[in-house]
Every structure is written in C-alpha cells, then in structure tokens.
Amino acid sequence: MIEIGGQIYSLEDPYVIAAFIGAVLVVMFFIAILLAVRAASRASRATEPLAAHLVNLNTTVQNLGDGQQRLAGGLHHVSEAQATAQLTMIQTMEARLEQVQKAMADSLHGTTVRTTASLTELQTRLATIDKAQTNIEKLSGDVLGLQDILSNKQTRGAFGEIQLNDIVTKALPADAYTFQATLSNGKRPDCLIHLPNPPGPIVIDSKFPLEAYEALVRAETDAQTQAAARQLRTAVRIHIKSIAEKYIIEGETADGALMFLPSEAVYAELHANFGELVREGFAAHVWIVSPTTAMATLNTMRAVLKDARMREQAGAIRRELGLLYKDVARLEDRVGNLDRHFEQASKDIREIKTSAEKAGGRARRLEDFEFEGESAPDEAAPQIAAVKRISIERG
C-alpha cells in the first residue's frame with residue numbers, strides 16, 4: 001500500500017500500477033528531455049566551429065561559384081576576342097593578299113609596258129640606224145659628187161659663190177648688197193657691199209686654190225712639199241693681184257677688197273705656214289677671209305650701215321622732236337584750260353550746294369510754319385545764276 005497526499009493506493013490495483021508506470025514514464029521522459037537538452041547544448045557548443053567552418057566553406061563555395069562565373073565570362077570574352085582576332089587576321093591576310101596580287105599585277109603590267117616600250121624604242125632605233133645608213137650612203141654619193149664639183153674650176157667657183165651668198169644674206173639686210181654687180185670697168189665681182197663713204201662700196205670675191213692645197217696635203221717628200229708650196233704661193237698671189245686690179249677703183253669702190261676662201265683648212269694653212277702671202281694681201285689692200293671671219297667682218301659692216309642710217313635719219317628725228325615739243329606745249333595749254341574749267345565747276349557746285357541747303361532749310365520752316373528770320377529774296381540769286389551758267393555750258 002502507498003499513501004500519497006493522505007490517500008492510500010493499493011499496489012495491486014491496476015489503475016495504480018498504470019498510473020505509477022505513467023508517472024515513471026513521465027519522469028523518464030523529462031530526464032530524457034533533460035539529457036537531450038544537455039547533449040544538444042554540448043553538441044551545439046561542439047558544432048560551433050564546425051558551423052563556422054561550414055559558413056566559411058559556404059562563402060568559399062560562393063566565391064568559387066562567382067570565380068567560376070567570372071572565369072566563364074572571361075573565357076567567353078577570350079573566346080570572342082580570339083574570334084575577333086582571327087577574323088581581323090583573316091581580313092588583314094585577305095587585304096595583304098589582295099595588295100600582293102595587285103602589286104604583282106601592276107608589276108607584270110609595268111614589265112609588259114616597259115618591255116613593249118623597249119621593243120618599240122629598239123624598233124625606232126633600228127629604223128633610225130637604217131635611216132642613218134641610208135643617209136651615209138647618200139652622203140657618200142654626195143661626197144663623190146662634191147669631189148666631182150670641186151675637181152672642176154667652174155663648178156668650184158660656183159660652190160664658193162653659193163657659200164658666200166648664204167653668209168651675206170644671213171649677215172646683212174637685203175638692200176645692203178648686190179650679187180654680180182657690174183662696175184664701171186665692166187668687171188662683175190661676186191658681191192658688192194654698199195657701205196657709206198668712207199670707205200665706200202667694198203667688193204667680196206670668192207677664190208678657191210684647191211689643187212695647190214690638195215697637192216700640199218698629199219705631198220710625201222720634201223721635194224713634193226716644196227713644189228706644192230710654190231704652187232700654192234703662185235695661185236694665191238695671182239688671186240690677190242686679180243682682185244686688186246679689177247675690184248679696187250678709186251672714187252667708185254673702197255680702197256680695199258675681200259678675198260673669200262670657202263675653206264677654213266686653206267685659210268688656216270695660209271696663216272700658219274704662208275704668212276708672207278697674208279702680208280702681201282695687206283699691202284695690196286686685199287684681205288683674206290674664211291667663212292667664219294667673213295661672218296664677223298659682215299657683222300661689223302652691218303653695225304657701220306646701221307650707224308650711217310641713223311645719221312641720215314638724224315634730221316628727220318630732230319624735226320619729229322620739234323613737232324613733239326609743240327604738241328606737248330599745246331597739251332600743257334589745254335590741260336591748264338581744263339584745270340581752270342574744273343576749278344570753276346567746283347566753285348559752282350559748292351555754290352549750288354549752299355543754295356540747296358538754304359532751300360532745304362526754307363522748306364522745313366515752311367512745313368513747321370516758321371516764318372521768322374527769313375532771308376532777303378535775292379540771297380539765292382548768285383546760286384541761281386551759277387546753275388544757269390552750268391546749264392548753258394553743258395547745253
């Protein structure tokens with residue numbers, strides 16, 4: 001028997017046993033709960049580092065996730081950049097390839113053009129060579145013809161006259177010379193230059209001692225050289241004497257004449273090795289000239305002719321200057337008159353301007369009904385007279 005709270009309970013009573021068992025179970029339950037709480041508290045304290053570690057681990061995992069996302073984005077950007085770089089590289093290679101192809105095409109075209117030009121130039125040069133060959137062949141024929149001409153005295157004389165004609169026509173005006181003029185003694189020199197007095201008209205005659213000169217050139221021995229030199233001296237002396245006797249006429253021509261040698265070689269030979277012949281020509285007033293020295297002499301003659309013509313025109317120039325002076329004097333008078341007219345016109349314009357200003361003032365006063373201070377009626381008379389005078393002058 002058990003007494004609880006003053007009440008007795010039997011242990012054999014099933015209700016009591018059940019209640020006792022329930023109470024025991026309740027106590028055990030509370031004990032279990034208490035133990036569980038204590039175990040949970042100890043577990044909680046034991047799992048705090050683990051929880052922190054798990055938090056850190058979670059943070060690390062999140063960071064790894066973020067890094068993975070960034071890595072994925074970076075890989076995406078890298079992939080895009082690589083694709084862009086590949087595309088740019090492909091485009092650059094295509095452009096370079098196109099440039100190389102164009103350069104090769106231009107080079108091939110330029111090479112073709114240059115080759116064509118070279119072939120054309122070569123063909124032109126070949127044509128020029130052929131033409132030159134033809135000219136050489138023609139020149140050979142002309143040389144043979146010239147030898148035939150120079151071998152004859154008459155044709156050789158004509159050759160000298162033609163050369164002299166060409167030099168004279170180039171150096172002098174057309175009215176300064178006459179070819180084949182007839183002198184008072186009936187002789188006809190090759191050319192007569194009309195120089196004023198003094199010195200007067202001067203004769204130029206062509207001579208060509210070719211045979212003697214060729215003999216001197218062909219001489220191989222001293223004897224041949226001496227014989228050819230004597231022949232040349234004789235020929236030149238004959239020409240000097242002939243010109244002095246035929247073409248120097250006192251009172252009609254100058255006191256000297258020119259012997260024209262149509263060969264610079266013959267002229268140089270005479271001055272180099274036959275100085276006595278040149279001095280004999282000076283003594284006879286016959287001056288030997290070559291094509292070059294003849295041109296220089298004729299240019300000097302042209303200056304003499306120009307000076308003489310200027311002297312002839314000096315009187316006419318003085319007359320023209322006198323007339324010009326009179327014209328200038330008349331021009332000065334007329335300019336003075338015009339200047340006076342301008343001054344008078346300027347004065348009249350000033351007076352007209354004054355009258356216009358006064359008339360404008362009167363009109364304004366009339367408009368405002370202001371009649372005080374009115375000027376005398378004859379104040380504008382000088383201006384009206386000036387207007388009438390200008391109208392009359394212009395009318």
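Colleague: What makes arginine 218 and glutamate 214 a salt bridge?

Modeller: Keep in mind that this is a predicted model. The closest N-to-O distance between the two side chains is 3.7 Å, and the cut-off is within 4 Å, so the pair counts as a salt bridge.

Colleague: How are arginine 218 and glutamate 214 placed in helix α3?

Modeller: They sit 4 residues apart in α3 (residues 210-218), which means about one helical turn separates them.

Colleague: Why is arginine 218 called exposed, and why is glutamate 214 called partly exposed?

Modeller: Arginine 218 has a relative accessible area of 55%, and exposed means over 50%, so the label fits. Glutamate 214 comes out at 33%; that lies between the 20% and 50% limits, so partly exposed is the right term.

Colleague: How do you know that arginine 237 and glutamate 280 form a salt bridge?

Modeller: Their closest N and O atoms are 2.9 Å apart, and the limit is 4 Å, so they qualify. This pair links distant parts of the chain: arginine 237 belongs to helix α4 (residues 222-247) and glutamate 280 to helix α6 (residues 275-283), with the two positions 43 residues apart. Arginine 237 is partly exposed at 34%, and glutamate 280 is partly exposed at 31%.

Colleague: What about lysine 207 and aspartate 205, are they buried or exposed?

Modeller: Both are buried, so each has under 20% relative accessible area. Their side chains meet in a salt bridge as well, at 3.2 Å from N to O. The whole structure has 7 salt bridges.

Colleague: How do you know that the length of helix α7 agrees with its number of residues?

Modeller: Helix α7 (residues 291-312) has 22 residues, and at 1.5 Å a residue the expected span is 32 Å. Its end C-alpha atoms are 31 Å apart, so the two values agree.

Colleague: Which residues of α7 are buried, and why say that they line one face?

Modeller: The buried ones are Pro291, Ala294, Leu298, Met301, Leu305 and Ala308. Looking down the axis of α7, they fall within an arc of 85°, so they line one face of the helix. On the other side, Thr292, Lys306, Met310 and Arg311 are exposed.

Colleague: What makes Ile21, Val24, Leu25 and Met28 a nonpolar patch?

Modeller: Patch members need over 30% relative accessible area, with nonpolar side chains joined within 5 Å. Ile21, Val24, Leu25 and Met28 form such a patch on the surface, with about 360 Å² of accessible area together. One of them, methionine 28, is found in helix α1 (residues 14-150).

Terms used:
Residues numbered from 1 in each chain as written. Predicted model: local features only at pLDDT ≥ 70, side-chain atom pairs only at ≥ 80, totals over all residues. Heavy atoms only, no water. Patch = residues over 30% accessible without salt bridge, like charges linked within 9 Å, V, L, I, M, F, W, Y side chains within 5 Å. Areas by Shrake-Rupley, 256 points an atom, 1.4 Å probe, with all protein chains shown as cover. Buried < 20%, exposed > 50% of the residue type's maximum accessible area, 1.4 Å probe, protein only. Expected span 1.5 Å × (residues − 1). Arc of directions from axis to C-beta.
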